[in-house]
Amino acid sequence: MIGQKSIKSFFSPTSKKRDTDEQTRKLTSDVKKFKTNTSAVLPSPSLSPELLEKIAKNKKAAQERLAARSAPEGIGKSWQRALGAEFGKTYFKSLMSFVAEERQKQTIYPPPHQVFTWTRMCEIEDVKVVVLGQDPYHGPNQAHGLCFSVQRPVPPPPSLVNMYKELEADIEGFRHPGHGDLTGWAKQGVLLLNAVLTVRAHQANSHKDKGWEILTDAVVNWLSANLEGLVFMLWGAYAQKKGAAIDRKRHHVLQAVHPSPLSAHRGFFGCKHFSKTNELLKKSGKKPIDWKAL
């Protein structure tokens, strides 16, 4: 019995080792078969540049469609496509919540349906001239989504009156139109864009630094990068700072002091920006603006 036990214990480990070796060989064989079989059906990790570009475009288009669902009401479709990525960002969602809360507690200008008037006057690709303002008028029935412009029959504010004075000196045949509505310019491709798009009644700059500046910077950057031969009118230090990133190799930039009565006599009067704009547009092969069409 002692001998049998000794023999059994001697041979048992060898039997187990054989079983283990056999299992290892079988597993290795199965792995090799799997690699061989799948290599024929799995796509190559190397994609052509054309295919990669197509994938990137499709991804970007899908992201824009998704972001556009977050776009606020009243934005022109071409502008919505160009700016769609902004509407899904955290800052813009916070901005929309802020403005909605403000409207519940305060009188806010302009009314909701006029905040994005500037996007409905022309297609984004048809913009030819950009005038940058700062903040909407904060009196009743003034602001309607175009900088420097006021709704009829509200009298033109002082800065706009000075713009009309310069136009009378600069553009042959121009006469004060008797109102302050600049829609006629906007429909010709003059983007009248404030940096901030809403304001509390009688409280200038009350919606400053809430997020509007980020959106309007994105507008300026898109125009600068995607169009050519635009004329940017930058009046005053604020507008000039906002326009600092404009590509001046692709576009024309005209600078002067603000038309406000506080500064107009220091260089706005006599700047001839309106006639200079038309000269630059003609050189770029674009139709000039009919400044009298108001």
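This passage walks through a sheet, two buried acidic residues and a set of aromatic rings. The model is a predicted one, and the description starts with the sheet.

Four strands line up here as an open sheet, and reading across it gives the order E3-E2-E5-E6, with parallel pairing. As a bit of background, strands in a sheet pair through backbone hydrogen bonds, either parallel or antiparallel. The edge places go to strand E3 (190-194) and E6; each has a single partner strand, so one side of each is left without a neighbour in the sheet. Neighbouring strands do not line up perfectly either: on average they are turned by 20° against each other, direction ignored.

A look at one pairing makes this more concrete. Strand E2 (residues 129-133) runs parallel to E3, and 5 bridges connect the two. Val129 has Val190 in E3 as its bridge partner, while Gly133 is matched with Asn194, also in E3. Helix H7 (residues 212-226) packs on this sheet as well, where it touches E2, E3 and E5. The direction of helix H7 makes about 150° with that of E3.

Is E3, then, enclosed or open to the outside? With 5 of its 5 residues buried, E3 is largely enclosed by the rest of the structure. Its side chains split into two sets: Val190, Leu192 and Asn194 point one way, Leu191 and Leu193 point the other way, and all are buried.

Asn194 turns up again around Asp135, which UniProt lists under "active site" in an unreviewed entry. Asp135 sits in the loop between E2 and helix H5 (158-170). Why does Asp135 count as buried? Its relative accessibility is 17%, and the cut-off for buried is under 20%. Leaving out neighbours within four places in sequence, Asp135 is in contact with Asn194, Val196, Thr198, Val199, Ala204 and Asn205.

The other acidic residue to look at is Glu102, found in helix H4 (residues 90-105). Glu102 is buried too, at a relative accessible area of 5%. Which residues does Glu102 touch, once its neighbours within four places in sequence are set aside? They are Ile108, Arg200 and His207. With His207 there is also a polar contact, side chain to side chain, at 2.9 Å.

That leaves the aromatic rings. Two values describe a pair of such rings: the distance of the centres and the angle of the planes. The structure holds 13 aromatic pairs. In one of them, Phe116 and Trp118 are 6.1 Å apart, centre to centre, with 50° between the planes, which makes the pair tilted. Phe116 and Trp118 are both buried.

Trp235 and Phe268 pair up in another way: their ring centres lie 5.1 Å apart and their planes stand at 80°, so this pair is edge-to-face. The pair links distant parts of the chain, with the two positions 33 residues apart. Trp235 belongs to strand E5 (residues 231-235), whereas Phe268 lies in the loop between strand E6 (252-256) and helix H9 (273-283). Trp235 and Phe268 are both buried. They also belong to one aromatic cluster, together with Phe148, Trp185, Phe269, Phe274 and Trp291.

Key
Residues numbered from 1 in each chain as written. Predicted model: local features only at pLDDT ≥ 70, side-chain atom pairs only at ≥ 80, totals over all residues. Heavy atoms only, no water. Phe/Tyr/Trp six-rings, centres within 6.5 Å; stacked < 30°, edge-to-face > 60°. Buried < 20%, exposed > 50% of the residue type's maximum accessible area, 1.4 Å probe, protein only. Pairing = 2+ DSSP bridges. Axes fitted to C-alpha atoms, helices over the stretch in contact; angles between N-to-C directions. Contact = heavy atoms within 4.5 Å. Polar contact = N/O pair within 3.5 Å; in protein donor to acceptor, adjacent residues only side chain to side chain. UniProt positions renumbered as here; feature names shortened; annotations may be inferred.
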